[in-house]
Amino acid sequence: MTENALTIRGLNKVYKNKVVALDNIDLNVGMGDFFALLGPNGAGKSTLIGILTSLINKSAGKVQIMGFDIDTHFSCAKSQIGLVPQEFNFNSFEPLIEIIKSQAGYYGLDRKSATDAAEDCLHKLDLWDKRKHTPRELSGGMKRRLMIARALVHDPKLLILDEPTAGVDIEVRRSMWELLSKINGEGKTIILTTHYLEEAENLCKSIAIIDHGKVIIDTSMGNLLEKLNEESFILYLQYPLKGTPILKDFQFKLINKKTIEVTLTNQKSLFDLFSLLNDQDITVLSIRNKSNRLEEMFIKLTSNKSN
Amino acid sequence: MTLIEQSIALRTLVIKEIRRFLRIWVQTILPPAITMTLYFIIMGKFIGSQIRAIDGYSYIEFIAPGLIMMSIITNSYANSVSSFYSSKFQRHIEEMLVSPMPNYIIIIGFMLGGIARGLIVGTAVTIVAMFFTKLQIHNLSLVIFTAIITSALFSAAGIINGVFANSFDDISIIPTFILTPLTYLGGVFFSVAMLPSFWQSISLANPILYMVNSFRLGILGITDVNAVVAIIIMTGFLISLFCVCLYLLNKGIGIRN
């Protein structure tokens, strides 16, 4: 039994137009992990996923999926993966049940097992009532769920989701979060790429950030967030300010008379801030993060790299 | 993937392919039957009645095997090229590419879909032909062999076209500018023995001539070419085209980045 669900060593991809999409990538994803693979547009995430799923040919390097090398144990490696691609890629004229059963068949599941697995997935993804419909008749959220159902039908050990919640409303997104957490809880390793960093922060245990084809961070979510040495908050005040508050050792700016933006460094706590405000009879009605913590870290890391 | 799993994957793909063209039978099965009916009426009855017998057969009897073969060729090609290209266009070919299914199973699956359509349309056209002429089978094994190998060959050719096609226009260029002229010049409507010797030699370079004549030999018992040579040429073409398909898919040309 291997320790890693995914092991990547020295992975390179240079496209025909000489664009280096991946530059000597090393990455490990632990068994049972919920792994966020983040990066700005064009960073190389989709290329990496394409190589893992054999939709893109690599230029160099080694990839092992559940211990199976994709070069030497191609078939075994592919059997371990379920892919939810970024774009809808099903036959729009086929009924849902047939799409899922066909996918099971491609993985070698006999007719009965394929039917059972397809029905199970459709129930699980709440698509059973639509089983005889074609994808054209589905909403965007349902289509996303269909892609997850299709990826799960052969019971893969590693589920790869390439921006699975792109373009879906918040309600659907939250229901998908629940579903993905449940799937991960059942023991499946999940690799998730997303531009919603709140999603990655809420769901994932580990994270790698890719930028310009290189891994610039590869750690646990906790470790990464600990490295965040400053955090900005928006404070909504009960009464308008009469003058500029004295907030020594804090960076702040007045957004308007009832709103302040304050940046905390590691050395200062919210308690210190509130004590100072309290001393000046400034009452805080509510408070929120200026942006998601991971988002701040992400912007810092990727902009550092760009600079 | 074990052999049993591969056979399941193949069966899945073939069923999907057959279901695809049967679902749109009004576009896939009916038009060739209607077109061939028109050929039989116009070429066979109206014009054919004015043409003398060829090798002891009336003109309509002579062209019937060629028309059946022509429908097999065009439909097996059309099936695999349109199915392969649309699966590329809609990107659901990725369903197969991410699966552990080997490339040769994907090729055989698409080919069997093309063969199925070619044979179903061929059967439909044969039934139509029986309304106009009496078909006596001279050699059933040769008829079946030629029909299967020709449809397989053109299914493979359709896949190659599908691999390189980047638009729906690209899938009609080969049938329009290559396949149709070769079919028309392949002895469907005439015996090459009727041509001047120079054109006879040129015609012998047309592979469709061997398919049409092999099929005609199976039905009528007459041919312009040596049957063994025809079988060798057809088999050689089939193996070559299959190898080209396999090479293209293994390399990922047109389907993998």
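How many bridges join strand 4 of chain A to strand 5 of chain A? Hold that one for a moment, because I need a bit of housekeeping. 

This is a predicted model, where local features need pLDDT of at least 70 and side-chain atom pairs count only at pLDDT 80 or more, while totals for chains, interfaces and linings use all residues. Residues are numbered from 1 along each chain as its sequence is written, and chains are lettered from A, with ligands numbered from 1, in the order in which they are written.

Okay, back to the strands. Two bridges join strand 4 (residues 60–65) to strand 5 in chain A, and the two run antiparallel. Two is just enough, as strands pair if DSSP finds at least two bridges between them. By strands I mean DSSP runs of E, at least two residues long, and helices are runs of H or I, at least four, both numbered from the N terminus. One of the bridges puts A:Ile65 opposite A:Phe68 in strand 5.

Those strands sit in an open, antiparallel sheet of four in chain A, ordered 2-1-4-5. Strand 2 (20–30) and strand 5 (68–69) of chain A are at the edges with a single partner strand each, so one side of each has no neighbour in the sheet. Helix 1 (residues 45–52) of chain A lies across strands 1 (4–14), 2 and 4, at about 65 degrees to strand 2. For that angle, axes are lines fitted to C-alpha atoms, for helices over the stretch in contact, and angles run from 0 to 180 degrees between N-to-C directions.

Now chain B. What does chain B have in the way of helices and strands? Eleven helices and zero strands. Its C-alpha trace spans about 60 × 35 × 35 Å along the principal axes. Of its 257 residues, 49% count as buried, meaning 20 or more other C-beta atoms within 10 Å of the residue's own, with C-beta atoms placed from the backbone. Among contacts in chain B with a separation of 6 or more, 82% link residues 24 or more positions apart. A contact here means C-beta atoms, placed from the backbone, within 7 Å.

Finally, where the chains meet: 25 residues of chain A are in contact with 20 residues of chain B. On the chain A side, helix 2 (74–79), strand 6 (81–84) and helix 3 (96–106) each give two or more residues. Helix 3 of chain A gives the most, with four.

Notes
A residue is buried if 20 or more other C-beta atoms lie within 10 Å of its own, exposed if 12 or fewer, and partly exposed in between; C-beta atoms are placed from the backbone. Two residues are in contact if their C-beta atoms, placed from the backbone, lie within 7 Å.
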